[in-house]
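Thanks for coming. I have one structure to go through today, so please look at it on the screen while I talk.

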Number of protein chains: 2
Amino acid sequence: MPRIKHSNFDCSPGCPVEGALSLIDGKWKGVILYHLLEGTLRFNEIRRKLPNVTQRMLTLQLRELEADGLVLRKVFAQVPPRVEYSLTERGRSLAPVIAALKAWGDANLPRSAEAA
Amino acid sequence: MPRIKHSNFDCSPGCPVEGALSLIDGKWKGVILYHLLEGTLRFNEIRRKLPNVTQRMLTLQLRELEADGLVLRKVFAQVPPRVEYSLTERGRSLAPVIAALKAWGDANLPRSAEAA
DNA sequence: CAGAATCCACCGGGATACTG
DNA sequence: CAGTATCCCGGTGGATTCTG
């Protein structure tokens, strides 16, 4: 696994929190993981789910997730390129975290007031 | 001061994940919350727990947490200033999230191999 | 379709110094 | 003790263009 640079662990007690966080932060990773939890998706399928992400960012974030061993990238050698993204076991193991995040968000974020 | 800028919700379905994430990201917030979960702490007590944080950053992160309603800042009008930080109810409600994060980190982050 | 390349703005965050 | 105030650098992420 290619040593990723956000292994910037300062490791105070409680560091695993930061460590885990560093894998899912980065503006889109959380949502990407969230969507991938529901099944394999192609590049543009993910794009469609994230209306505001740019191709560049999507690619970058997916690559980081891949480098972190959370996402599997499967390329099909076809004329119209086809690339499928799915979660690895490690990625799937994040499910409880994402679920906790979503649960908290649903319960504590003003969904209605947020439409400002 | 109020003005929280990370209300940058793009709100694709699954947004609550991002929303929750936006509150606890920012390099030190996760760890701060983690420590605060164990009880009220003074400014320098937190600093001691986070050897690598600068006063500036600690102040900033605490202010953001406060603005997000997760942390309560209590100032004592005394000659040697005394400021205590504690979690609000809302902040405490994040416990499951932090716990999930920590559990995952403990289980999946190579604590030993990481010293590479 | 699924990117790669380039350019650039922004601001997160570190270092340092000063203060009530 | 618990902050401010400045300065400054690098990374993150946006917009746009090109391609196999």
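I will start with the fold of chain A, then take one helix, and finish with the two DNA strands.

Before anything else, keep in mind that this is a predicted model.

Chain A, then. It holds 6 helices and 3 strands. Starting at the N terminus, the order of elements is α-α-β-α-α-β-β-α-α. The chain has 116 residues, and 42% of these count as buried. Now consider the contacts in chain A between residues with a separation of 6 or more: 52% of them join residues 24 or more positions apart.

The helix I want to take is α6 of chain A, residues 95-108. Does its length fit an alpha helix, or what span should we expect? With 14 residues at 1.5 Å a residue, the expected span is 20 Å, and the end C-alpha atoms are 20 Å apart, so the two agree. Six names to find on this helix: Val97(A), Ile98(A), Ala100(A), Leu101(A), Trp104(A) and Gly105(A) are buried. They lie on the same side of α6(A), because the arc they cover around the axis is only 160°.

What covers those buried residues? Elements of both chains are on the list. From chain A, the cover includes α1 (15-24) and α2 (29-36). From chain B, it includes α1 (15-24), α5 (89-92) and α6 (95-108).

Now the DNA, beginning with strand D. The protein places 21 residues around DNA strand D, and the closest are Arg56(A), Met57(A), Arg63(B), Arg73(B) and Tyr85(B). Of the atoms of DNA strand D that come within 4 Å of the protein, 69% belong to sugar and phosphate.

There is a base contact to point out as well. Arg56(A) has a polar side-chain atom 2.8 Å from a base nitrogen of DNA strand D. Gln61(A) goes to the phosphate: a polar side-chain atom of this residue is 3.3 Å from a phosphate oxygen of DNA strand D. Pro81(B) uses its backbone, with an N or O atom 3.2 Å from a sugar or linking oxygen of DNA strand D.

Which element gives the most to the surface near DNA strand D? That is α4(A), with 4 residues. By class, this surface has 7 nonpolar, 6 polar and 8 charged residues.

On to strand C. Here 20 residues surround DNA strand C, and those that come nearest are Arg63(A), Arg73(A), Tyr85(A), Lys27(B) and Met57(B). Sugar and phosphate make up 70% of the atoms of DNA strand C within 4 Å of the protein.

Three polar contacts on this strand. A polar side-chain atom of Tyr85(A) is 2.5 Å from a phosphate oxygen of DNA strand C. From the other chain, the side chain of Lys27(B) has an N or O atom 2.8 Å from a phosphate oxygen of DNA strand C. Pro81(A) contributes a polar backbone atom, 3.2 Å from a sugar or linking oxygen of DNA strand C. As for elements, α3 (43-49), α4 and β3 (82-87) of chain A, together with α4 of chain B, each give two or more residues to the surface near DNA strand C. The largest share, 4 residues, comes from α4(B). By class, the residues of this surface divide into 7 nonpolar, 5 polar and 8 charged.

That is the end of my part.

Terms used
Residues are numbered from 1 along each chain as its sequence is written. Chains are lettered from A and ligands numbered from 1 in the order in which they are written. This is a predicted model: local features need pLDDT of at least 70, side-chain atom pairs count only at pLDDT 80 or more; totals for chains, interfaces and linings use all residues. Side-chain values use heavy atoms; hydrogens and water are left out. A residue is near a molecule or strand if one of its heavy atoms lies within 4 Å of it. A polar contact is a pair of N or O atoms within 3.5 Å; within protein, one must be able to donate a hydrogen and the other to accept it, and residues adjacent in sequence count only if both atoms are side-chain atoms. Ala, Val, Leu, Ile, Met, Phe, Trp, Tyr, Cys and Pro count as nonpolar, Asp, Glu, Lys and Arg as charged, and the others, Gly among them, as polar. The expected span of a helix is 1.5 Å times one less than its number of residues. Buried means under 20% relative accessible area, exposed over 50%, partly exposed in between (1.4 Å probe, protein chains only). The arc is that of the directions from the helix axis to the C-beta atoms. Contact means heavy atoms within 4.5 Å.
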